[in-house]
Every structure is written in C-alpha cells, then in structure tokens.
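Hi everyone, thanks for making the time. Have a look at the sequence and the structure on the screen, and then I'll walk you through a few things that caught my eye.

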Amino acid sequence: MSEADAMLDASGLNCPLPVLKTRKSLAALKAGQTLQVISTDPGSKADMNAFAEATGHRLLQSSEEDGRFVFLIEKTS
C-alpha cells in the first residue's frame with residue numbers, strides 16, 4: 001500500500017460508521033491528498049466503492065488481509 005497523507009482506523013466499526021468517518025476525514029484533506037482507511041466490516045469493500053463513485057473521490061487501492069480491509073482514497077476536490 002502506498003504512503004498516505006492521513007490514516008483512519010475504523011476497525012471494529014460497522015456500517016455506516018466506516019464510510020461516515022471516511023467522509024469526515026477526507027473533508028480535512030486538500031484535493032490530491034490521500035487517506036488510508038482500515039476496516040474490519042466485510043461490507044466496507046462494497047461501501048467504499050459506492051462511496052467513491054457517489055462522491056467522485058478516487059479509490060486508488062483496495063486490499064484484504066487477515067480480515068482487515070485496507071483502502072487508499074484520493075480526495076478529488
């Protein structure tokens with residue numbers, strides 16, 4: 001996973017909290033900066049894809065290891 005400008009650990013949180021906290025964390029970033037999100041909610045994979053499409057932010061990377069879902073999202077505006 002690439003180096004991110006900020007990190008959000010949403011482990012242990014269930015839908016919709018990982019997405020809500022992601023939205024809040026991205027709001028604090030400038031366009032072009034990236035946020036790494038870690039989640040343990042299995043639904044977060046679909047949720048983060050839908051969130052990126054709905055908001056226009058770019059989901060740069062998505063991976064899963066040991067029950068943890070890791071996302072790298074670029075703020076677009």
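Let me start at Gln61, which counts as partly exposed at 27% relative accessibility; partly exposed sits between buried, under 20% relative accessible area, and exposed, over 50%, with a 1.4 Å probe and protein chains only. Gln61 belongs to strand 3, residues 58-65; helices (H or I, at least four residues) and strands (E, at least two) are DSSP runs, numbered from the N terminus. Its C-alpha atom lies 20 Å from that of Ala28, and the two are 33 residues apart along the chain.

A word on what you are looking at: this is a predicted model, where local features need pLDDT of at least 70 and side-chain atom pairs count only at pLDDT 80 or more, while totals for chains, interfaces and linings use all residues. Residues are numbered from 1 along each chain as its sequence is written, and side-chain values use heavy atoms, leaving out hydrogens and water.

Now the overall picture. The protein chain has two helices and four strands, and from the N terminus on they run β-α-β-α-β-β. The radius of gyration, taken over C-alpha atoms, is compared with a globule rule of 2.2 Å times the number of residues to the power 0.38. For 77 residues, a compact globule would come out near 11 Å, and the protein chain has 11 Å, which agrees. Along the principal axes, the C-alpha atoms fill a box of roughly 30 × 25 × 20 Å. Of the 77 residues, 35% count as buried. Take contacts, meaning heavy atoms within 4.5 Å: among those between residues at least 6 apart in sequence, 68% join residues at least 24 apart.

On to helix 1. Which of its residues are buried? They are Pro18, Val19, Thr22 and Leu26. Seen down the helix axis, these buried residues fall within an arc of 95°, so they line one face of helix 1; the arc is that of the directions from the helix axis to the C-beta atoms. As a reminder, an α-helix has 3.6 residues a turn, so residues three or four places apart point the same way. The face turned away from the buried side of helix 1 carries the exposed residues Lys24 and Ala27. And what do the buried residues of helix 1 pack against? Strand 1 (6-10), strand 2 (34-39), helix 2 (44-55) and strand 4 (68-74).

Thr22 deserves a closer look. This residue of helix 1 (residues 17-27) is buried, with a relative accessible area of 0%. Leaving aside neighbours within four places in sequence, Thr22 is in contact with Leu8, Leu35, Val37, Met48, Phe51 and Ile73.

Those names come back in the largest nonpolar core. By nonpolar core I mean a set of buried Ala, Val, Leu, Ile, Met, Phe, Trp, Tyr and Cys residues joined through side-chain atoms within 4.5 Å. This one has 11 residues in all: Leu8, Val19, Leu26, Leu29, Leu35, Val37, Met48, Phe51, Phe69, Phe71 and Ile73. Helix 1, strand 2, helix 2 and strand 4 each supply at least two of them, and strand 4 gives the most, with three residues. As for Ile73, its contacts beyond four places in sequence include Thr22, Leu26, Gln33, Met48 and Arg58.

That brings me to Arg58. How many salt bridges does the structure hold? One, where a salt bridge is a side-chain nitrogen of Lys or Arg within 4 Å of a carboxyl oxygen of Asp or Glu. The side chains of Glu74 and Arg58 meet in a salt bridge, at 2.7 Å from N to O. The pair links distant parts of the chain, with Glu74 in strand 4 and Arg58 in strand 3, 16 residues apart. Glu74 is buried at a relative accessible area of 17%, whereas Arg58 is partly exposed at 46%.

Two backbone details before I stop. A cis peptide bond joins Cys15 and Pro16, with omega about 10°, and Pro16 is found in the loop between strand 1 and helix 1. Then there is Asp66, which has a positive phi of about 50° although it is not a glycine. Asp66 is found in the loop between strand 3 and strand 4, and it is exposed, with a relative accessible area of 77%.
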